[in-house]
Every structure is written in structure tokens, then in C-alpha cells.
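Visitor: Could you take me through one part of this model in close detail? I would like to look at the place where the two chains meet.

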There are 2 protein chains.
Amino acid sequence: MRPQGPRNTRQRILEAAETAFGNEGYSGTRLHHIAERVGVQKASLFHYFTSKEHLYCAVLDEGAGQAEEIVKHVLESEGEPIDKIRALLRVCIDMVVTYPERTKIQLRQSLGDAPPGFQPTDASERMLCLVADLVASDELAKSLSPIDPFAFVLGLMGMVAFFFTSGPVVAPSWFGQQDAASVRDRIERHVNEVMERCLDGQSHAAKSSAVL
Amino acid sequence: MRPQGPRNTRQRILEAAETAFGNEGYSGTRLHHIAERVGVQKASLFHYFTSKEHLYCAVLDEGAGQAEEIVKHVLESEGEPIDKIRALLRVCIDMVVTYPERTKIQLRQSLGDAPPGFQPTDASERMLCLVADLVASDELAKSLSPIDPFAFVLGLMGMVAFFFTSGPVVAPSWFGQQDAASVRDRIERHVNEVMERCLDGQSHAAKSSAVL
DNA sequence: CGCGCAATCTACCGAACGGTCGGATGGGCC
DNA sequence: GGCCCATCCGACCGTTCGGTAGATTGCGCG
């Protein structure tokens, strides 16, 4: 009997696992369900990955590897640091829209979800270093002054991630009606708007503290 | 034998459960651990709460109830809608700093974590309606124009939540060194800065799309 | 005291889960 | 055909987890 489905079983397992880990969390996903969705017996998972934890790491590796490539490509391009930030934010939105489950996994991980003895991927560490260098550049600090570049970048990233993954749950009426593309468009415009407003005009610190 | 510890066992269970659900997620928390931390036998949990799911709901109820009170108080105060948003953001920061685990639970829930047959608390629904009304007010739309008020509020909330819960994990070197109070102060200033910059100055939509 | 009642304990259960074992299947290759 | 090897399967194992049953303790009160 032809083993059902095309022969990229390993890849299909990875994809199903990504979906499962994203939607159910690490301890919430049952290997049984992954196998079911792939259309394979649970034991077959252990043929490709030695344990649940290894499968999880493989999923993360895959994502981190892709992300590293993209980020590297953006950072190697010509342009001022602030433009690289702009580009980075755009690819960030792309990633979140294209791979929502992957984003969920990342968010979950930042909340503390992970197998007991887990440590970050090499790829993700390298990527983080690249971005950190950019964020720490004097040139960027000058463009943003007096805004803290780190807070700026992390805040906008968080905003994007939160929007797409949590928005539909918090306010389904707002997101549910329209197709993903138009939501994406609206969000991207908003984030850009906020970003550009931060980029010019001077400090409002006095005004802010007056409100306190 | 005097049952060990002070007699507010129920409350202590709730607190331990909040910590556990926040840090481990719903399917990640073990009732055994909660009992252990309270200093009580696992079976005792079932004396106060009929099931894991009920315990989870009780934790959420507690949080939602407190939050509703605070939000109601803010919304009933005098002032323009935009000032209420400012105040709301400030209490939001307060909540996130004071009850980090509660925030994590909320974030997890928006990612899809929850017992199988779960539906939102009445309190949280009421609170959401109150805020939704405010966000939908014409007056606020005018203050923010052309920024979408909904995107504005949701985005800033997401930014705050992401900062405190995920920031320390994504970049421990940035957060770990200083005490919570100073981190809080820095974040609050940043969020206020971003907010105030959004509040004045006109649209940068043209500039933004030029970047695309 | 002695009764009731709430709270807590010890001990256990059934189900589900991660993981293992040994065998079946079937295609490629000589 | 005959062999190999990757792939996949059905059945099973040990542990853990949520949940239950029943006994025990100790306090309040007539």
C-alpha cells in the first residue's frame, strides 16, 4: 500500500506541529493530535523526531532560520538605520500575517512557555544580536532622540504582534468581518502613522508629565 | 492539630493559582504544584473549587471584578474622552506592574489558552463594552483624527503588556539590571511620549506610503 | 460533654499522555 | 526473484494528572 499523502511527511509533521504548538501551547498540544492531522500514526512522529521537545525545537529552528535570513538581508541593505527599522517593521508585519501560528509560538515563549530544559536557538540569538547592534547605533539614537530606540522598536514590534494575534480575540467584531488582507493593510498604515509621528516633532515629555 | 497557615486558605489558593496559570498556562499548571505552594493537600483544592476549570474561572473572575471597578471609576470621572484614555492607559500600566501574572493569564487567553468549554466572564464583557463605547465616541475620533481610535487604544495596550511580560525575556540584559520601579517609570514615560506625539501634528500618511 | 460541621488528610482510581517495541509494507536495486 | 532499508503501524508500558472516597481532626455551641 502506498503510504498515504505525498512523501514530505517530515515537513508536514513540522507544519502541523507549528499549528498545534501555536494554538495550544507546548503543554497543551497532544502528539496524538499532530499525528492525526498529518494522517499518520503517533509512533511515526518519533521516527523523525526523538521527542516532543525535539519536535518543538525543530519547529522553532525552522522559523528562526527563515527569520534570520530575512533580517540579515534587510540589515545588509543600503540606507540609514532608521530606514532599516522601517523595513524591519514591514517584514515583521509580513511574518506575523503569513505565519500567525509561528508568531503565537514566539509570544507564548516570551510568556514562559517552553519545554523544561530549553534554550534559545542559535539562529534566533544571532538575529537578536544583529537587531540589537542596529538599535544601539548612535545614528539611530539621533534620529529618534529623545525617544529610547530600544523601547521604540520593542514597543512597535509588540504592538504588531498583539494586534494580529490578540486583536481578533479581544474584539472579534472589529476584525472578524473583513478579510485578512484589508486588516493587514489597516494595521500597517496605523503602525506607520504612529512611527512617523514619533520620528519628527520634538519631545512632549513636559506635556506628558503634566498629565500625571 | 491546627491546620497549618492562616485561615484564608481559599484566598491563598486563588493567589497561588493566579501565579501558576500565569507562568505555566492552563494546561501547563499542575494542581499538585498549586497545593504544594499553598502548603495543603491537593484534595483540599477540590473542597473549595469543584474542578480545575472552575478554579481557573474563579481566578479570572477575581481579576475581572477588580478591573471592572477601576475602569468604571475612571470612566465615570469628569473630563474629555481623550483624557479618559490617558487615565485608562495609566491604570493599565498599574495593573500590569502590580499583577504581572494576571496580565500573563490575559495574554495567554487572547492566544487561545483556556479550558475547552470556556466563555468570558460577565465582568470582563461589561468592562469591554464600557471601553468600546468610549473608543467609539465621536469626540475621541476628532481628537485623534485621522488615527483610528480602536487601533490606537488596542495598540498602546498591547505595547504596554508586551513590554512588561515579554521584554525581560526577549532582552534580559535591558530589563534585568534595574528594579521594577525604574523600569516601570521608563516604560510609562515612553508610552506617554508616543501617545502625545500621536495626539498632535497632522497626518503623515503620505510620508508613510512613500516609504512603502 | 457530645454533636455537627467545616476543613484537611491519606489513599486510591481511570484516563490520557509521552514514549517504546517489534513487526508489516513497499519501493529501489542487484 | 531476493534483499535492504526507510517508512509506517498496532499494541503496549510507566507515569502523571485530574478527580473521588472516606477517615480524621478540631472548633463552635447547646
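Guide: Happily! In this predicted model, the contact draws 57 residues from chain A and 58 residues from chain B. Together the two chains bury about 4,900 Å², and 65% of that area lies on carbon and sulfur atoms. There is a polar side to the picture as well: 10 residue pairs, both at pLDDT 80 or more, are in polar contact across the interface of chain B and chain A. Salt bridges between chain B and chain A come to 4. One to look at is formed by the side chains of A:Asp148 and B:Arg186, at 3.4 Å from N to O.

Now turn to the side of chain B that touches chain A. The elements giving two or more residues to this side are α1 (9–24), α5 (81–98), α6 (100–110), α9 (149–170), α10 (172–175), α11 (180–199) and α12 (205–211) of chain B. Of these, α9(B) provides the largest share, with 14 residues.

While you are here, have a look at a helix of chain A. Helix α7 (residues 122–135) of chain A has 14 residues, which at 1.5 Å a residue should span 20 Å, and its end C-alpha atoms agree with that, being 20 Å apart. Buried in α7(A) are A:Ala123, A:Ser124, A:Met127, A:Val131, A:Leu134 and A:Val135. Seen down the axis of α7(A), these buried residues fall within an arc of 110°, so they line one face of the helix. Their cover includes α4 (52–76), α5 (81–98), α8 (138–144) and α9 (149–170) of chain A. On the face of α7(A) turned away from the buried side, you will find the exposed residues A:Asp122 and A:Asp133.

Note on methods
Residues are numbered from 1 along each chain as its sequence is written. Chains are lettered from A and ligands numbered from 1 in the order in which they are written. This is a predicted model: local features need pLDDT of at least 70, side-chain atom pairs count only at pLDDT 80 or more; totals for chains, interfaces and linings use all residues. Side-chain values use heavy atoms; hydrogens and water are left out. Helices (H or I, at least four residues) and strands (E, at least two) are DSSP runs, numbered from the N terminus. The expected span of a helix is 1.5 Å times one less than its number of residues. Buried means under 20% relative accessible area, exposed over 50%, partly exposed in between (1.4 Å probe, protein chains only). The arc is that of the directions from the helix axis to the C-beta atoms. Contact means heavy atoms within 4.5 Å. Buried area is the accessible area (1.4 Å probe) that two parts lose on being put together, summed over both. A polar contact is a pair of N or O atoms within 3.5 Å; within protein, one must be able to donate a hydrogen and the other to accept it, and residues adjacent in sequence count only if both atoms are side-chain atoms.
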